[in-house]
Structure formats: structure tokens, C-alpha cells
Amino acid sequence: MTRIYLQDAKATREFGINLAKTLKPGTVILLQGDLGAGKTTLVQAIGEGLGISDPIVSPTFTLINEYTDGILPFYHLDLYRLEPQDVANLYLENYWEGIDTTLGIVAIEWPERMPYLPPSYLKLILNYEKDNSRYVEIISSDYLDT
């Protein structure tokens, strides 16, 4: 696990843009954190780093937003309003397996609502500090003992 301190929204944005430059097709990013922790800000920055020109908004009610005009397709999912049994019916694996979609980057907010995880993922856990700064903990499934 790696921890990176993000002093403000600008630092979060810079982190996301730089992260996007390292991502490969099929990467799944699981974003955890309390409401207001910066998950959507981070997703917007990743989209910017991927060259997405459309405004990236949280798909809280639409569940999934697809952006295809960047370097790679970018799929942004928000599972906040769902229960695990509802998530199972979305067949999210189609996104990270490239079934009926072009393989791209998948960013999932509220992944704790998923009844199953992809075989490989990058988990970003956003947290607050007492001074209102934030930090992100980075966990890669490739380094987890299974």
C-alpha cells in the first residue's frame, strides 16, 4: 500500500492527471471514500488526463457514463444508490473484459456495493486529515495475497 498526501483539490487533480498517463486498457479503478472525499474530482482529473473533452459528471442517477473521445474509452460508474443484488444485474465485468464495449479504463465509485471484484484492480481510498487535507491510499490487487 502506498499513501500520497493531497493538500487540496489542485493536488488531487494533478495526481489524477498523472495517474491517467500510466493506465493501460482494461484497468479497473475502485474509488472508496466518504461523501465529499474527492472521488468525483479524482475521476474528472483522470478523464482530463485521458484527453476526455466532455464534462465528467457523477453518474449517481444514470449509474454509468461512457466517454469515448479520449486516448482510451473511459467508463465511470457510481454504485452509491444500489444494493449488491442490483449491481450483479449490471454485468459490470463486460466493461473490464471488453464484452460489447471497447476495452478502456473503468472507474467505479462505491465499489463496496459490488458482490464481486474484477480479477485485477487498482483501489484508491480517499480520506480526510484533521487539517482538511486529504490523502489517497493506493492498493493494487496484483500485490494482494489471495
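# Notebook: strand E6, helix H2 and the cores around them

I began with strand pairing and found that the bridge partner of Leu31 in E6 is Leu124. I note that the model is a predicted one. The pairing of E2 with E6 is parallel and rests on 4 bridges.

**Entry 1. Overall form.** I counted the secondary structure of the protein chain as 4 helices and 7 strands. Along the sequence I read the pattern β-α-β-α-β-β-α-α-β-β-β. I then checked the radius of gyration: the chain has 14 Å, which agrees with the value near 15 Å for a compact globule of 146 residues. The C-alpha trace spans about 45 × 35 × 30 Å along its principal axes. Of the 146 residues, 47% count as buried. I took the contacts with a separation of 6 or more and found that 60% of them come from residues 24 or more positions apart. For the accessible surface I recorded about 7,800 Å², with 49% belonging to carbon and sulfur atoms.

**Entry 2. Strand E6.** I asked how many of the residues of E6 are buried. The count is 5 of its 7 residues, so I entered E6 as mostly covered. Besides the parallel pairing with E2, E6 pairs with strand E7 (residues 134-140) in the antiparallel sense over 7 bridges. Within that pairing, Leu126 stands opposite Val136 in E7. The hairpin of E6 and E7 has 5 residues between the strands, and there Asn132 takes a positive phi near 70°.

**Entry 3. Helix H2.** I listed the buried residues of H2 (residues 39-49): Lys39, Leu42, Val43, Ala45, Ile46, Gly47 and Gly49. Spacings of this kind I read against the rule that an α-helix has 3.6 residues a turn, so residues three or four places apart point the same way. Which elements do the buried residues of H2 pack against? I found helix H1 (9-20) and the strands E2 (28-32), E4 (74-78), E5 (105-109) and E6 (122-128). After H2 comes Gly51, with a positive phi near 80°.

**Entry 4. The nonpolar cores.** The largest nonpolar core has 24 residues, and the members that touch the most others are Phe15, Leu31, Ile46, Leu50, Phe74 and Leu124. H1, E2, H2, E5, E6 and E7 are the elements that give two or more residues to this core. I noted that Leu31 and Leu124, both in that group of six, are also the bridge partners with which I began. For Ile46 I set aside neighbours within four places in sequence and found contacts with Gly16, Ile17, Leu19, Ala20, Leu23, Ile29 and Phe74. Another core lies apart from the largest one; it has 16 residues, among them Val28, Leu63, Leu79 and Trp96. As background I kept in mind that, in soluble globular proteins, nonpolar side chains tend to be buried together.

**Entry 5. Aromatic pairs.** I found 5 aromatic pairs in the structure. In one of them, Tyr80 and Trp110, the ring centres are 4.9 Å apart and the planes stand at 55°, so I classed the pair as tilted. Tyr80 lies in the loop between E4 and helix H3 (84-88) and Trp110 in the loop between E5 and E6, so the pair ties together parts that are 30 residues apart in sequence. Is each partner buried or partly exposed? Tyr80 is partly exposed, with a relative accessible area of 34%, whereas Trp110 is buried, at 10%.

I then looked up Trp96 and Tyr116, whose ring centres are 6.3 Å apart with planes at 65°, so the pair is edge-to-face. This pair also links distant parts of the chain, with Trp96 in helix H4 (residues 93-97) and Tyr116 in the loop between E5 and E6, 20 residues apart. Trp96 is buried, with a relative accessible area of 11%, while Tyr116 counts as partly exposed at 26%.

**Entry 6. Positive phi outside glycine.** I recorded Trp110 here as well, since its phi is a positive value near 65° in a residue other than glycine. Tyr91 has a positive phi near 50° and is likewise a residue other than glycine. Tyr91 is placed in the loop between H3 and H4, and I entered it as partly exposed, at 48% relative accessibility.

Note on methods:
Residues numbered from 1 in each chain as written. Heavy atoms only, no water. Buried < 20%, exposed > 50% of the residue type's maximum accessible area, 1.4 Å probe, protein only. Contact = heavy atoms within 4.5 Å. Pairing = 2+ DSSP bridges. Core = buried A, V, L, I, M, F, W, Y, C linked by side-chain atoms within 4.5 Å. Phe/Tyr/Trp six-rings, centres within 6.5 Å; stacked < 30°, edge-to-face > 60°. Rg over C-alpha atoms; globule rule 2.2 N^0.38 Å. Areas by Shrake-Rupley, 256 points an atom, 1.4 Å probe, with all protein chains shown as cover.
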